[in-house]
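Here are my notes after a pass through the model. Keep the viewer open while you read, as the points are meant to be followed on screen.

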Amino acid sequence: MKVIKEAIAGTVESSDLLVKVAPSGKGTRDIVIRSEVMKQFGKQIKKVVTDTLDKLSVSDGSIVIEDKGALDCVIRARVQAAVLRGCGSQELDWGRLS
Amino acid sequence: MNATADFYTVQPKDAPPEMEEVRKLLAANDLELDDQIEVFVVCRQKGHIVACAGLDHYTIKCVAVAEDARGESLSLALGSEVVSLAAERGQYHLFLYSAPHNLPFFRGWGFYPLVEVPQRVVLMENSPVAIEKYCESLRVQRRPGKTIGGIVLNANPFTLGHRYLVAQAARACDWLHVFVVKEDASSFSYADRFALVAAGVKGIDNLTLYPGSDYIISRATFPGYFLKDKGLIESSWAAVDLLLFRDYIAPALGITRRYVGSEPFDPVTKSYNAQMKDWLQQAPSGQPPITVVEIPRASIGGVPISATEVRRLLAERDFGRIAALVPATTLQFLESLLPVNNTIQ
């Protein structure tokens with residue numbers, strides 16, 4: 001999938017995260033993560049984000065994340081929501097999201 | 001917890017009863033109501049407005065939280081509300097004005113500082129990488145040379161005065177970078193203004209023409225610029241816009257000189273030119289100073305050429321006099337705006 005328009009999901013409240021997606025403009029997938037708990041959990045957050053994007057086959061898009069200490073399941077849900085909005089996706093294969 | 005906090009939006013133009021409360025809340029926080037704000041997110045708690053955040057297109061201003069309601073959860077909820085309101089309105093790349101001492105508060109909203117006018121204001125944006133990406137896109141356009149010029153034009157519309165300024169600057173520089181103001185807040189659309197500049201500078205080979213950006217004379221960096229027709233001179237404060245040019249745009253392209261036409265008429269532009277010398281040349285900055293070169297305006301019959309005059313003549317359909325002030329390409333465009341069968345009226 002390719003991000004074709006800007007979209008957001010989530011909030012900047014504690015234990016949540018704000019995910020912003022936008023077209024990359026150059027055919028690549030760029031991920032930028034800022035987190036209040038980067039030092040402790042940065043690697044794990046990166047892994048959850050990358051896995052979620054892989055499952056959705058996102059190959060093209062700019063993904064910027066502002067994390068406020070969200071749990072993995074919240075990260076997954078927010079990334080999915082932002083990507084599906086940004087890809088203008090109509091038909092969803094819910095099985096791929098689990 | 002803010003379980004009883006109720007967030008909703010109000011539009012100042014509808015003069016809702018909330019505005020008086022918003023005004024008081026802002027005043028208690030040393031802020032004035034900015035009349036460019038299209039919509040406010042407000043938070044009502046126990047019957048009172050305890051927090052507000054205003055949105056002017058893609059810029060957040062007038063953010064305040066009542067002293068007795070302060071605490072992480074309410075302020076972060078307010079930030080989330082205003083960001084999602086902006087998204088609903090199609091705005092994703094957001095800017096925010098803050099007093100320097102509140103910077104940490106807005107870092108919590110996911111905003112990052114761009115430039116600071118000491119003791120006065122910080123401009124922030126909601127991305128840790130957007131400005132760097134923009135500078136990267138500029139850096140690939142760098143040209144070798146010792147004297148590299150930069151010009152920012154609104155060109156509303158492009159006149160022989162603009163052509164003269166660009167030609168003079170190009171002659172004095174090894175390379176010239178020309179930006180066209182992007183904001184669609186002028187009489188002519190950005191697309192039309194850009195096309196006329198592109199046509200008008202043809203034949204000058206040592207220049208690159210750029211589309212404008214949110215970082216150059218935009219509603220975010222210089223809100224006062226677009227109010228000048230309304231005579232709101234007090235909003236003409238341009239430090240933020242000029243610091244962005246000095247700290248990001250000029251270093252990305254290696255610009256050593258900024259060219260500008262002298263301004264005999266318009267007080268906002270005149271003040272902008274004066275501030276240019278302060279902020280680009282004199283103010284302390286981590287970046288080298290940029291020499292401001294003011295070129296006297298080209299004149300026809302002793303009268304300096306101005307786009308304002310062209311617009312006035314256009315309103316009178318006086319194409320005979322317009323022809324003396326603009327290049328053929330602009331004249332053709334202006335003539336094409338009027339249906340042929342109407343020209344006799």
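How far apart do the C-alpha centres of domain 1 and domain 2 of chain B lie? The answer is 32 Å. Bear in mind throughout that this is a predicted model.

1. Domains of chain B. The domain assignment splits chain B into domain 1 (6-128) and domain 2 (131-342). Where they touch, 13 residues of domain 1 of chain B are in contact with 11 residues of domain 2 of chain B. On the domain 1 side, the elements giving two or more residues are strand E6 (112-117) and strand E7 (121-125) of chain B. That side is made up of 7 nonpolar, 4 polar and 2 charged residues.

2. The sheet. Look next at the open sheet of 5 strands in chain B, whose order is E10-E9-E8-E11-E12 with parallel pairing. At its edges sit strand E10 (207-210) and strand E12 (291-295) of chain B, each of which pairs on one side only. On average, neighbouring strands here are turned by 25 degrees against each other, if you ignore direction. As a reminder, strands of a sheet pair through backbone hydrogen bonds, either parallel or antiparallel.

3. Strand E8 of chain B. This one is worth clicking through residue by residue. Since 6 of the 6 residues of E8(B) are buried, the strand is largely enclosed by the rest of the structure. Both of its faces are covered: one carries Ile148(B), Gly150(B) and Val152(B), the other Gly149(B), Ile151(B) and Leu153(B), and all of these are buried. E8(B) runs parallel to E9(B), and 6 bridges join the two. If you want a spot to check the register, Val152(B) stands opposite Phe179(B) in E9(B).

4. The E11/E12 end. Strand E11 (residues 257-261) of chain B pairs with E12(B) in the parallel sense, over 5 bridges. For a register check here, take Arg257(B), whose bridge partner in E12(B) is Thr291(B).

5. Helices over the sheet. Helix H5 (residues 160-172) of chain B lies across strand E8 (148-153), strand E9 (175-180), E10, E11 and E12 of chain B, and runs at about 165 degrees to E8(B). Helix H6 (residues 190-200) of chain B lies across E8, E9 and E10 of chain B, at about 155 degrees to E9(B).

6. H6 against H11. H6(B) also packs on helix H11 (residues 328-336) of chain B, at an angle of about 150 degrees and with the axes 8 Å apart. The two helices, H6(B) and H11(B), are therefore roughly antiparallel to each other. From H6(B) come Asp192(B), Leu196(B), Ala199(B) and Gly200(B), which meet Thr329(B), Thr330(B) and Phe333(B) in H11(B). By type, the residues of this contact divide into 3 nonpolar, 3 polar and 1 charged.

7. Glu136 of chain B. Buried or exposed: how does Glu136(B) count? It counts as exposed, because it has 11 C-beta neighbours inside 10 Å. Glu136(B) is found in helix H4 (residues 130-139) of chain B. Glu136(B) is 113 residues from Ile249(B) in sequence, yet their C-alpha atoms are 10.0 Å apart in space.

8. Chain A meets chain B. This contact takes 13 residues from chain A and 16 residues from chain B. On the chain A side, strand E2 (17-22), strand E3 (29-35) and strand E4 (61-67) of chain A each give two or more residues. The largest share, 3 residues, comes from E2(A). The chain A side divides into 6 nonpolar, 2 polar and 5 charged residues.

How values were computed. Residues are numbered from 1 along each chain as its sequence is written. Chains are lettered from A and ligands numbered from 1 in the order in which they are written. This is a predicted model: local features need pLDDT of at least 70, side-chain atom pairs count only at pLDDT 80 or more; totals for chains, interfaces and linings use all residues. Two strands pair if DSSP finds at least two bridges between them. Helices (H or I, at least four residues) and strands (E, at least two) are DSSP runs, numbered from the N terminus. Axes are lines fitted to C-alpha atoms, for helices over the stretch in contact, and angles run from 0 to 180 degrees between N-to-C directions. Two residues are in contact if their C-beta atoms, placed from the backbone, lie within 7 Å. Ala, Val, Leu, Ile, Met, Phe, Trp, Tyr, Cys and Pro count as nonpolar, Asp, Glu, Lys and Arg as charged, and the others, Gly among them, as polar. A residue is buried if 20 or more other C-beta atoms lie within 10 Å of its own, exposed if 12 or fewer, and partly exposed in between; C-beta atoms are placed from the backbone. Domain bounds come from an automatic or database domain assignment. Angles under 35 degrees count as roughly parallel, over 145 as roughly antiparallel, 65 to 115 as roughly perpendicular and the rest as oblique.
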